[in-house]
Amino acid sequence: MVKIIFYEDRNFQGRSFECNSDSSDLSSYFNRCNSIRVENGNWILYEQPNYRGHQYFLRKGEYPDFQQWMGFNDSIRSCRLTPQHRGPYRLRVYEKEDFKGQMMEFTEDCPHVYEQFRYNDIHSCQVHDGYWMFYEEPNYRGRQYYLRPGEYRRYSDWGASHPRIGSFRREKFDPNICCPVSPEYVLSDTVRYLKVSVSDSIGRYPKNIGYRRYRYPIPIQVNGTSSIGRYSHGSQGLQERKLLQALGFIGMCKIKN
């Protein structure tokens with residue numbers, strides 16, 4: 001199960017709060033944050049409520065003080081889980097706003113933007129595949145910006161106050177994360193909203209789970225797990241969660257309201 005624990009004091013001391021889902025306002029749970037323990041999942045933390053201010057990307061591990069996550073201060077006021085992406089990564093960066101000027105496409109991490117792009121500034125970008133982190137300085141240092149698939153016509157669209165980007169990298173799939181919940185997709189009450197990528201041999205769990213799209217509603221037979229049976233589009237939320245756990249890949253399961 002995904003979980004992050006916030007502590008008011010350094011070295012995991014003082015008042016604490018456990019969180020296992022997105023939260024737009026953590027202000028009522030703790031006054032400051034000086035250490036964090038990530039037990040599972042990849043998380044983006046924000047300095048201010050409603051996912052604003054400085055951003056910090058944290059993987060599973062222990063962070064005994066805010067310098068360990070490159071924090072600028074002890075303020076954490078909102079957080080969200082990052083989705084698990086299985087598949088290709090593709091990013092286009094542009095010299096000017098509105099996707100104008102020099103363009104370069106990337107599918108791998110870039111520790112030094114200037115060495116490859118020949119510009120210190122990125123004014124706009126298009127994220128075609130995957131999830132990425134921009135960093136203000138080379139070698140993944142400095143202020144961070146989390147980018148989801150979409151178009152960013154100017155640097156303010158990803159939360160920056162200036163266009164300088166020194167490095168960026170992909171947020172890669174982590175097989176050790178147990179069923180993280182994507183921030184873009186909220187668990188619905190029933191499986192009738194489930195879009196799931198499966199192979200033609202649906203019953204061959206889990207080796208033949210692939211990327212071919214099937215539109216809902218569909219019944220799914222999951223074999224190999226005694227607690228999981230056949231769940232149709234009328235299944236309830238608890239069964240839906242079990243189904244996702246059985247599939248084991250939340251990145252392949254997208255649920256919409």
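# Close-up views of a predicted model

**View 1. The largest nonpolar core.** The largest nonpolar core holds 20 residues. Those with the most contacts inside it are Phe6, Ile36, Trp43, Leu45, Trp69 and Ile76. Six elements give two or more residues to this core: β1, β2 (13–19), β3, β4 (43–48), β5 (52–58) and β7 (78–81). In soluble globular proteins, nonpolar side chains tend to be buried together. The coordinates shown here and in every view below come from a predicted model.

**View 2. The surroundings of Phe6.** Phe6 is among the core residues with the most contacts inside the core. Neighbours within four places in sequence are left aside in what follows. Phe6 is then in contact with Arg15, Ser16, Phe17 and Cys19, and also with Leu26, Phe30 and Cys33. Further contacts of Phe6 are Ser35, Ile36, Leu45, Ile76 and Cys79. Of these partners, Ile36, Leu45 and Ile76 are again listed among the core residues with the most contacts.

**View 3. A second core.** Apart from the largest core lies another, of 19 residues. Its members include Ile122, Trp132, Phe134 and Leu147.

**View 4. Val127 and its contacts.** Val127 lies in strand β10. Its relative accessibility is 5%, so Val127 counts as buried. Residues up to four places away in sequence are not counted in the contacts given here. Val127 touches Arg90, Leu91, Trp132 and Leu147. Val127 also touches Arg148, Pro149, Gly150 and Tyr152. Two of these partners, Trp132 and Leu147, are named as members of the 19-residue core. Arg148 is 21 residues from Val127 in sequence, yet the C-alpha atoms of the two are 6.8 Å apart.

**View 5. An open sheet of four strands.** The sheet is open and has 4 strands in the order β2-β1-β3-β6. Pairing is antiparallel. Strands β2 and β6 are the edges, each pairing on one side only. From one strand to the next, the twist averages 15°. Strands β3 and β6 run antiparallel and are joined by 3 bridges. At Val38, the bridge partner in β6 is Gly61. Strands of a sheet pair through backbone hydrogen bonds, either parallel or antiparallel.

**View 6. The Lys3–Glu39 salt bridge.** The model has 16 salt bridges. One of them joins the side chains of Lys3 and Glu39, at 3.4 Å from N to O. This pair links distant parts of the chain, 36 residues apart. Lys3 sits in strand β1 (residues 3–9) and Glu39 in strand β3 (residues 35–40). Lys3 has 23% relative accessibility, so Lys3 counts as partly exposed. Glu39 is partly exposed too, with a relative accessible area of 34%.

**View 7. The Arg90–Asp129 salt bridge.** Asp129 forms a salt bridge with Arg90. The closest N and O atoms are 3.7 Å apart. Asp129 belongs to strand β10 (residues 124–129), Arg90 to strand β8 (residues 90–96). The two residues are 39 apart in sequence, and the pair links distant parts of the chain. Asp129 is partly exposed at 25% relative accessibility. Arg90 is partly exposed at 27%. Arg90 is also one of the residues that Val127 touches.

**View 8. A bridge between two loops.** Arg153 and Asp98 form a salt bridge, with 3.5 Å between the closest N and O atoms. Arg153 lies in the loop between β13 (150–152) and β14 (167–170), and Asp98 in the loop between β8 and β9 (100–106), so the pair ties together parts that are 55 residues apart in sequence. Arg153 is partly exposed, at 36% relative accessibility. Asp98 is partly exposed, with a relative accessible area of 29%. Elsewhere, salt bridges that share partners join Glu8, Asp9, Arg15 and Arg32 into one network.

**View 9. Positive phi at Met70 and Asp98.** Most residues other than glycine have a negative phi. Phi of Met70 is positive, near 60°. Met70 is found in the loop between β6 (61–63) and β7. Its relative accessible area is 25%, so Met70 is partly exposed. Phi of Asp98 is likewise positive, near 60°. Asp98 lies in the loop between β8 and β9. The salt-bridge partner of Asp98 is Arg153.

Terms used. Residues are numbered from 1 along each chain as its sequence is written. This is a predicted model: local features need pLDDT of at least 70, side-chain atom pairs count only at pLDDT 80 or more; totals for chains, interfaces and linings use all residues. Side-chain values use heavy atoms; hydrogens and water are left out. A salt bridge is a side-chain nitrogen of Lys or Arg within 4 Å of a carboxyl oxygen of Asp or Glu. Buried means under 20% relative accessible area, exposed over 50%, partly exposed in between (1.4 Å probe, protein chains only). A nonpolar core is a set of buried Ala, Val, Leu, Ile, Met, Phe, Trp, Tyr and Cys residues joined through side-chain atoms within 4.5 Å. Contact means heavy atoms within 4.5 Å. Two strands pair if DSSP finds at least two bridges between them. Axes are lines fitted to C-alpha atoms, for helices over the stretch in contact, and angles run from 0 to 180 degrees between N-to-C directions.
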